[in-house]
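Visitor: Please show me the model, and then let us go through it by question and answer.

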Amino acid sequence: MKINYTTRNKNINVELQSESVKDAFKQLAEFQEIFDEKCCGACKNIDLQFVVRTVENNDYYELKCKACFAKLAYGQHKVGGSLFPKRKNPDGSYDNINQGWHKWQAKTNTTQNISEKTQEINTIKANIPA
Ligand SMILES: [Zn+2]
């Protein structure tokens, strides 16, 4: 059985070859979970980019929004090597607000870290005997 499937945002068209309806179901389920992301979860833009970053021999799979630069990270199953979108918050609950899409906020963190470090240094200086 040959199946032609187009993603909801019409960006990707795939042709799947399956032996049975169960096989077709599995292939469509996997394809939809990974590739059928309709839009950015943060700003709803449909212009998305697939990105693979390699850091210290590890590959990181991400979908990036070209409008607001939010990213959806994909986890990798330990067995089988398949991917899944990470839609949970750091506390393990489901991200109902952005569906897993996050913006990198390095600037805020860096500023906070610098002010914390400055405070730490001032505390140390104050404790040094004259
Ligand atoms: Zn966006």
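Visitor: In which sense do strand 4 and strand 5 pair?
Guide: This is a predicted model, in which local features need pLDDT of at least 70, side-chain atom pairs count only at pLDDT 80 or more, and totals for chains, interfaces and linings use all residues. Residues are numbered from 1 along each chain as its sequence is written. Strands here are DSSP runs of E with at least two residues, helices are runs of H or I with at least four, and both are numbered from the N terminus; two strands pair if DSSP finds at least two bridges between them. Strand 4 covers residues 58–65 and strand 5 residues 71–76, and over four bridges their pairing is antiparallel.

Visitor: Which residue of strand 5 is the bridge partner of Lys64?
Guide: Strand 4 and strand 5 form a hairpin with five residues between them. Across this pair, the bridge partner of Lys64 is Lys71.

Visitor: Which residue in the turn of that hairpin has a positive phi, and is it buried, exposed or partly exposed?
Guide: The residue is Phe69, with a phi of about 65°, in the loop between strand 4 and strand 5. Phe69 is not a glycine. A residue is buried if 20 or more other C-beta atoms, placed from the backbone, lie within 10 Å of its own, exposed if 12 or fewer, and partly exposed in between. Phe69 has 13 C-beta neighbours inside 10 Å, so it is partly exposed.

Visitor: Which residue of strand 6 stands opposite Tyr74?
Guide: Strand 5 is joined to strand 6 (residues 83–85) by three bridges, and the two run antiparallel. They form a hairpin with six residues between them, and Gly80 in its turn has a positive phi of about 90°. Opposite Tyr74 in strand 6 stands Pro85.

Visitor: Which residue of strand 7 stands opposite Lys71?
Guide: Strand 5 also runs antiparallel to strand 7 (residues 101–102), with two bridges between them. In strand 7, the residue opposite Lys71 is His102.

Visitor: How many residues make up the largest nonpolar core?
Guide: A nonpolar core is a set of buried Ala, Val, Leu, Ile, Met, Phe, Trp, Tyr and Cys residues joined through C-beta atoms within 7 Å. The largest one includes Cys40, Leu63, Cys65, Leu72 and Trp101. Two residues are in contact if their C-beta atoms lie within 7 Å, and beyond four places in sequence Cys65 has contacts that include Cys40, Ala42 and Leu48. The number of residues in this core is eight.

Visitor: How far apart are the centres of domain 1 and domain 2?
Guide: Domain bounds come from an automatic or database domain assignment, which gives domain 1 as 1–36 and domain 2 as 39–104. Four residues of domain 1 are in contact with six of domain 2. Taken over C-alpha atoms, the separation of the centres is 20 Å.

Visitor: What is the radius of gyration of the chain?
Guide: The value is taken over C-alpha atoms, and the globule rule is 2.2 Å times the number of residues to the power 0.38. For 130 residues, a compact globule would be near 14 Å. The C-alpha atoms fill a box of roughly 85 × 35 × 30 Å along the principal axes. The radius of gyration of the chain is 21 Å.
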